[in-house]
Amino acid sequence: MTVLLIGGMDSSGGAGLLRDGATLGAMGVPYRVAVTAVTAQSDIRVSAVQPVQPEVVAAQIAAAEDVAAVKIGMLGTAAIAGAVADALPAAPLVLDPVLVSSSGYRLLDAVGQAILIARLLPRAALVTPNLPELQALGRALGQPAGRAVPEIARALLAHGCGAVLVKGGHAEDGEVCEDLLFRDAGAPVAYRAPRLPGSLRGTGCQLASAIAGGLSRGRPLEAAVADARAQVLARLGGRERQLANLVTND
Ligand code: PLP
């Protein structure tokens, strides 16, 4: 049983399919990939993007065997988003709504975003927006600007996705970083961790692909999210230790 990873190649290796593959490799979960775009980027800049022909994306998806879970990241264009929706296998889908890179480059055009909402969101077992992505999805669903997180999350649930994990990493304040899992009208499940200084690329890719890895093994959603968060925190903690060493070695 494998996880099908649909997304972009980030030449820096920080995010995208290389990060997804490294995550599943560390879990011992086999995977297939469908490359949607080749990007040239560093941590601070996207310098080139070449989308893959939609038929080639669809052919990669069709070639994937034994798919037990799917993770979607960068789609790039409306035509690719449509081809992915047409070709998607019937397995639990984790949809990471990648709209803009941390460096500010738009990774899905406006029409593509509309297709993501109309055709992929209703098929997702879980969608994993960060706070800016949640606001963008809310606006596209006709929610007024500045709506509270729970209201937008419930609008996404009403649109047909199974669950919404709102990642709190972009929140401006607080010593605690809180992710909220909304599954129904009830109170969300809150996952909390101390907020670490600085930022690291590819944490969203890592979290979503680790959740898909858990689901492919039959883990219940809440447990798959908890495991995946622990994996991301271990990477952030490792980075923290490296930084501390750099300082003490100076
Ligand atoms: N590039 C690719 C190919 C991605 O898939 C993603 C995220 O999924 C990004 C860039 C953005 O990552 P970050 O927000 O860490 O810059």
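**Figure 1. Residue classes in the lining of the largest pocket of the predicted model.** The lining divides into 20 nonpolar, 16 polar and 10 charged residues. The volume of this pocket is about 1,100 Å³. Asn130, His170, Leu200, Thr203 and Gly204 are the closest to the pocket centre among the 46 lining residues.

**Figure 2. Secondary structure elements that give two or more residues to the lining of the largest pocket.** The strands in this group are strand 1 (2-10), strand 2 (31-41), strand 8 (176-182) and strand 9 (189-194). The helices are helix 1 (16-27), helix 5 (131-140), helix 7 (203-216) and helix 8 (221-249).

**Figure 3. The ligand in the largest pocket.** The shell around the ligand holds 13 residues, of which Gln41, Ser102, Arg201, Gly202 and Cys205 come nearest. By class, the shell divides into 5 nonpolar, 6 polar and 2 charged residues.

**Figure 4. Polar atoms of Gln41, Arg201 and Gly202 beside the ligand.** On the side chain of Gln41, a polar atom is 2.8 Å from a nitrogen atom of the ligand. Arg201 also places a side-chain atom beside the ligand: this polar atom lies 2.9 Å from a ligand oxygen atom. For Gly202 the atom is in the backbone, where a polar atom is 2.9 Å from an oxygen atom of the ligand. On its own the ligand has 390 Å² of accessible area, and the protein covers 91% of this.

**Figure 5. Backbone at Asp66, a residue with positive phi.** Asp66 is found in the loop that runs between helix 2 (54-63) and strand 4 (67-72). Its phi is about 55°, although Asp66 is not a glycine. Most residues other than glycine have a negative phi.

Terms used. Residues are numbered from 1 along each chain as its sequence is written. This is a predicted model: local features need pLDDT of at least 70, side-chain atom pairs count only at pLDDT 80 or more; totals for chains, interfaces and linings use all residues. Side-chain values use heavy atoms; hydrogens and water are left out. A residue is near a molecule or strand if one of its heavy atoms lies within 4 Å of it. A polar contact is a pair of N or O atoms within 3.5 Å; within protein, one must be able to donate a hydrogen and the other to accept it, and residues adjacent in sequence count only if both atoms are side-chain atoms. Accessible areas come from the Shrake-Rupley method with a 1.4 Å probe; for residues, only the protein chains shown count as cover. On a 1 Å grid over the protein atoms alone, a cavity is a set of points where a 1.4 Å probe fits but cannot get out, and a pocket is an open set with protein on both sides within 12 Å along at least five of seven lines; lining residues have an atom within 4 Å of a point. A molecule sits in a cavity or pocket if more than half of its atoms lie within 2 Å of its grid points. Ala, Val, Leu, Ile, Met, Phe, Trp, Tyr, Cys and Pro count as nonpolar, Asp, Glu, Lys and Arg as charged, and the others, Gly among them, as polar. Grid points are joined across faces, edges and corners, and a volume is the space filled by probe spheres set on the points. Helices (H or I, at least four residues) and strands (E, at least two) are DSSP runs, numbered from the N terminus.
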